[in-house]
Amino acid sequence: MADAEKKETVIIGAGPGGYVAAIRASELGQKVTLIEKSDTLGGVCLNVGCVPSKALIAAGHRLQEANNSDEYGITSQGATIDFSKTQEWKQHDVVDRMTNGVSMLLKKHKVEVIQGEAVLDSDTRLRVMPVGPRQFMDNNNGQVIDFDNLIIASGSHPIEIPGFKFDGRVVDSTGGLNLPEVPKEFVVIGGGYVGTELAGAYANLGSHVTIIEGTDSILAGFTKDMVAVVLKQLKAKGVDVITGAKAKSSTQDDNSVTVTYEVDGKESTVTADYCMVTVGRRPNTDELGLEYTKVELDDRGLVKTDEQGRTASEHIFAIGDIASGPALAHKAFFQGKVAAGAISGKKTANDYIGVPAVCFSDPELAVVGLTESQAKEQGLEVQTAKFPFAGNARAVSLYEADGFVHLIFTKDEGTVLGGEVAGPGASDLIAELSLAVNGRMNVEDIALTIHPHPTLSEPVQEAADIALGFPTHI
Ligand code: FAD
């Protein structure tokens, strides 16, 4: 075995958790080494997740707007799409630009980046192996590193289900993002946020889409009222949403894939150009050599940590999709900063109450804090206030007046416990409610904050006015 090199802070994985932890650790004066097995930085989020999916969604919106602006007096001659150009734009102008940006940021912060697969040998030592099939890895091979501190941010991978091996016309979300053409027929198995976002994007790009969902509703985690707003628009796009359906098997030939599913004991089939399976993701914790350390996993394979991300092994931290909390990039960013701070002796801690979650559906859904029923389950006396986008001039002029802002607050003090936005700009508007929830603000703080007119932000203030018993535009 080669001689060990000594490093101060080592990070495994250059996704949102890892690269942000690296930057923060460097800002705090640590000497940082980042190990990434892929040949691009940015992890799932930048390469095959958040960023390219939003690019496809944006392309779908452009096409829809081009073809459906009659209300504005604009009639186009029938806009068409050259999808290979869309894909090229997504890769070069969006993904590559963002991943190169990460590379520049790491250089600026003097982070040493090593390409290879990190495998732990002990609580203080790892090896960086050349990337390749496991059977060709030689235990005596690779760069040996002794570390003072380690942050693991190895992310997650899509779950495969029986009968739907990712191959050919059965794809995971990565395959779904990189289809060579807009499918005429597209089947999505799993109506979570990833499935629903891409179903909407391809419907906007011209596909006929069928969503097959196992539970009785798509978008688990969002309230029925919020999901209803999205279902209305999916229906308008011609998307078939089949709930309570078990996807059983798939068969494919050169041109199509046929999916068999069962509802109430009755089997049916649907044939499509592609079938995308998005039924969740599993943490990448089984090939890291964690068994040679004191690090402990829970029954879902997530690493057990304290509120700073510290594992049962004192100098090893775990963040992002392999750690607790929602599997979202902004949570990974935050955990990365907390872990880097903890290594530098800062009194940092993760607090998940103010972590927003967004689905970039049509319209967008965004939530933060507690729902009304979660607050009640906790024995809190709560009130709620709701303002519809139909009463907002900006939403009406954008022709996007579906949805609402919903505030959940304590009955006595009016402390904001949670917020829900279903409607245009929800992904941005939720930041204000996250601030309110995080800052333990009350509805009066929001009502007394002058919001610009005419903007999509006003429904937040209007909902707060309703909460105080003084509604204006309703
Ligand atoms: P990852 O981004 O998975 O990065 C982990 C990195 O570690 C990878 O680069 C991997 O190659 C590397 N690695 C793994 N093991 C090793 C090893 N042994 N040695 C070296 N390197 C290793 N989240 C949002 O917040 N908003 C969204 O809109 C959103 N959209 C999404 C859309 C899709 C289609 C998908 C799939 C996900 C989306 N997510 C979104 C989730 C988000 O991408 C993840 O939560 C986020 O990427 C997790 O960050 P991470 O740093 O934990 O891991």
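Helices (H or I, at least four residues) and strands (E, at least two) are DSSP runs, numbered from the N terminus. With those names in hand, here are some close-up views of this predicted model.

**View 1. The shell around the ligand.** Let us start with the ligand, which has 35 residues around it. Gly13, Gly15, Gly43, Gly155 and Gly320 come nearest. Several elements each supply at least two residues of this shell: the helices α1 (16-27), α2 (43-48), α3 (50-67) and α8 (329-343), together with the strands β2 (32-36) and β4 (117-120). Sorted by class, the shell holds 16 nonpolar, 15 polar and four charged residues.

**View 2. Three domains in the protein chain.** The domain assignment gives domain 1 (5-157 + 282-344), domain 2 (170-279) and domain 3 (356-468). Between the C-alpha centres of domain 1 and domain 2 there are 27 Å.

**View 3. Where domain 1 meets domain 2.** Here, 13 residues of domain 1 are in contact with 11 residues of domain 2. On the domain 1 side, α3 and α4 (83-108) each supply at least two of the touching residues. Which helix gives the largest share of that side? It is α3, with nine residues. This side of domain 1 divides into eight nonpolar, five polar and no charged residues.

**View 4. Strands β12, β13 and β14.** Strands of a sheet pair through backbone hydrogen bonds, either parallel or antiparallel. In this view, β12 (residues 245-252) and β13 (residues 257-263) pair in the antiparallel sense over seven bridges. These two strands form a hairpin, with four residues between them. To find your way, look for Ser250, whose bridge partner in β13 is Val259. Strand β13 is also joined by seven bridges to β14 (residues 266-272), and those two run antiparallel. Here Val257 has Ala272 of β14 as its bridge partner. The hairpin of β13 and β14 has two residues between the strands, and in it Asp264 takes a positive phi near 50°.

**View 5. An open sheet of five strands and a helix across it.** The order of this sheet is β18-β19-β22-β21-β20, with antiparallel pairing. Its edge strands, β18 (357-359) and β20 (382-388), each pair on one side only. From one strand to the next, the twist averages 10°. At one edge, three bridges join β18 to the antiparallel strand β19 (residues 365-369), and Ala357 stands opposite Val367 in β19. Helix α11 (residues 426-438) lies across β18, β19 and β22 (416-422), and runs at about 175° to β22.

Conventions:
Residues are numbered from 1 along each chain as its sequence is written. This is a predicted model: local features need pLDDT of at least 70, side-chain atom pairs count only at pLDDT 80 or more; totals for chains, interfaces and linings use all residues. A residue is near a molecule or strand if its C-beta atom, placed from the backbone, lies within 6 Å of it. Ala, Val, Leu, Ile, Met, Phe, Trp, Tyr, Cys and Pro count as nonpolar, Asp, Glu, Lys and Arg as charged, and the others, Gly among them, as polar. Two strands pair if DSSP finds at least two bridges between them. Axes are lines fitted to C-alpha atoms, for helices over the stretch in contact, and angles run from 0 to 180 degrees between N-to-C directions. Two residues are in contact if their C-beta atoms, placed from the backbone, lie within 7 Å. Domain bounds come from an automatic or database domain assignment.
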